[in-house]
Amino acid sequence: MTEARDTLDRCFSVAPMMDWTDRHCRAFHRVLTRRALLYTEMAVDQAVIHGDVDRLIGFDPAEQPVAIQLGGADPVTLAEASKIAEGFGYAEINLNVGCPSDRVQSGRFGACLMREPALVRDCLAAMREAVSVPVTVKSRIGVDDQDPETALFEFVETVSSSGVRTFVVHARKAWLKGLSPKENRDVPPLDYDLVRRLKAARPDLEIILNGGLSSLDQALAEAGGLDGVMLGRAAYQTPWALSQVDSRVFGEADPVADPVAVVEAYRPYVEARLAEGVKLHAITRHMLGLFAGRPGARKWRQVLSAEANRPGAGWEVVEAALSAVAPDRAAAA
């Protein structure tokens with residue numbers, strides 16, 4: 001199948017994060033930014049093929065632009081999973097070559113694939129052949145005792161022969177033995193300059209920087225010489241930062257004026273999901289950091305954490321939490 005011309009703007013994206021960037025999180029983030037490219041959690045190819053696909057990768061069209069990240073190491077099953085994902089309407093399909101968890105390693109995919117660039121090339125070529133939407137790859141700069149200066153450049157040289165033009169690079173090594181997934185996000189040193197050198201050496205490729213970016217300010221400061229940046233934990237833990245993306249990155253009006261407006265704009269989505277039987281906590285857990293650094297933020301978190309889990313919890317819990325950070329609004333209600 002011929003890949004359609006890639007028109008996605010990847011100047012700014014929110015990273016795929018396991019247990020975090022589910023459909024409720026993405027719907028919440030979309031309230032904050034119309035333009036950022038959003039990603040799913042990693043979905044394993046076999047689960048997409050054989051599992052409850054609607055539950056696993058279903059999404060609301062309002063989340064667009066949204067990309068799916070797949071995990072796997074077999075060209076045939078990745079191609080089949082890619083076809084299924086394309087049928088759901090995803091704007092991009094991304095292959096995970098960066099996750100260091102034991103579960104991923106046991107399946108011979110994720111970061112351990114950094115050692116097998118020819119296999120990654122074959123997987124991506126099969127995925128591109130199966131779909132017409134863009135196919136991309138997210139990697140580390142190396143694993144274990146690899147020299148990143150050599151490993152990353154050789155990896156990209158081999159993998160780009162698949163026809164894939166977009167590389168999202170988490171600018172840390174992954175240590176597959178001896179460090180937990182959490183430690184792999186913090187302990188190995190960052191090397192943003194290496195990623196910039198990759199871009200300078202391969203100007204024909206789209207190179208996106210990821211890893212350790214603690215704020216929107218830092219992300220934009222490190223974006224020089226690159227095609228885009230991907231923000232991860234900072235986007236999740238302090239989501240209000242996303243409210244400035246449209247103006248600061250894309251030169252467009254931001255969609256919300258303050259965090260309270262975010263909550264109000266998100267309400268129709270929340271109430272629609274509650275009506276479908278979704279538990280309130282599954283939705284509001286993504287909102288805990290919205291008021292970070294503002295008066296009442298701790299009470300906001302406490303109310304949502306304690307009350308959203310109770311049976312039958314509804315929008316009134318969110319209103320109660322709002323009273324801690326917007327008392328004037330509560331008094332007027």
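In the predicted model, E157 is exposed, with a relative accessible area of 51%. This value places E157 in the exposed class because that class begins over 50%. The side chain of E157 forms a salt bridge with R202, and the closest N and O atoms of the two residues are 3.2 Å apart. The pair links distant parts of the chain: E157 belongs to helix 7 (residues 148-159), whereas R202 sits in the loop between helix 9 (192-201) and strand 9 (206-210), and 45 residues separate the two.

Unlike its exposed partner E157, R202 is buried, with a relative accessible area of 16%. The assignment follows from the cut-off, because buried residues are those under 20%. R202 also forms a salt bridge with D204, for which the closest N and O atoms are 2.8 Å apart. D204 counts as partly exposed, at 42% relative accessibility. R202 is therefore a buried residue that forms salt bridges with E157 and with D204.

A further salt bridge is formed by R267 and E319, with the closest N and O atoms 3.6 Å apart. This pair, too, links distant parts of the chain, with R267 in helix 13 (residues 259-275) and E319 in helix 16 (residues 315-325), 52 residues apart. R267 counts as partly exposed at 32% relative accessibility. E319 is likewise partly exposed, and its relative accessible area is 25%. Elsewhere, D6, R10, E92 and E206 are joined into one network by salt bridges that share partners. In the whole structure, the search finds 23 salt bridges, among them E157 with R202, R202 with D204 and R267 with E319. In general, side chains of opposite charge can pair when their charged atoms come close.

The surroundings of one acidic residue, E63, were also examined. E63 is located in the loop between helix 3 (53-57) and strand 3 (66-71). With a relative accessible area of 2%, E63 is buried, because the value falls under the 20% cut-off. The side chains of E63 and R26 are joined by a polar contact of 2.6 Å. When residues up to four places away in sequence are not counted, E63 touches R23, R26, A27, R30 and L38. R26 thus appears both among the residues that E63 touches and as the partner of E63 in the side-chain polar contact.

Methods: Residues numbered from 1 in each chain as written. Predicted model: local features only at pLDDT ≥ 70, side-chain atom pairs only at ≥ 80, totals over all residues. Heavy atoms only, no water. Salt bridge = Lys/Arg side-chain N within 4 Å of Asp/Glu carboxyl O. Helix = DSSP H or I, 4+ residues; strand = E, 2+ residues; numbered from the N terminus. Buried < 20%, exposed > 50% of the residue type's maximum accessible area, 1.4 Å probe, protein only. Polar contact = N/O pair within 3.5 Å; in protein donor to acceptor, adjacent residues only side chain to side chain. Contact = heavy atoms within 4.5 Å.
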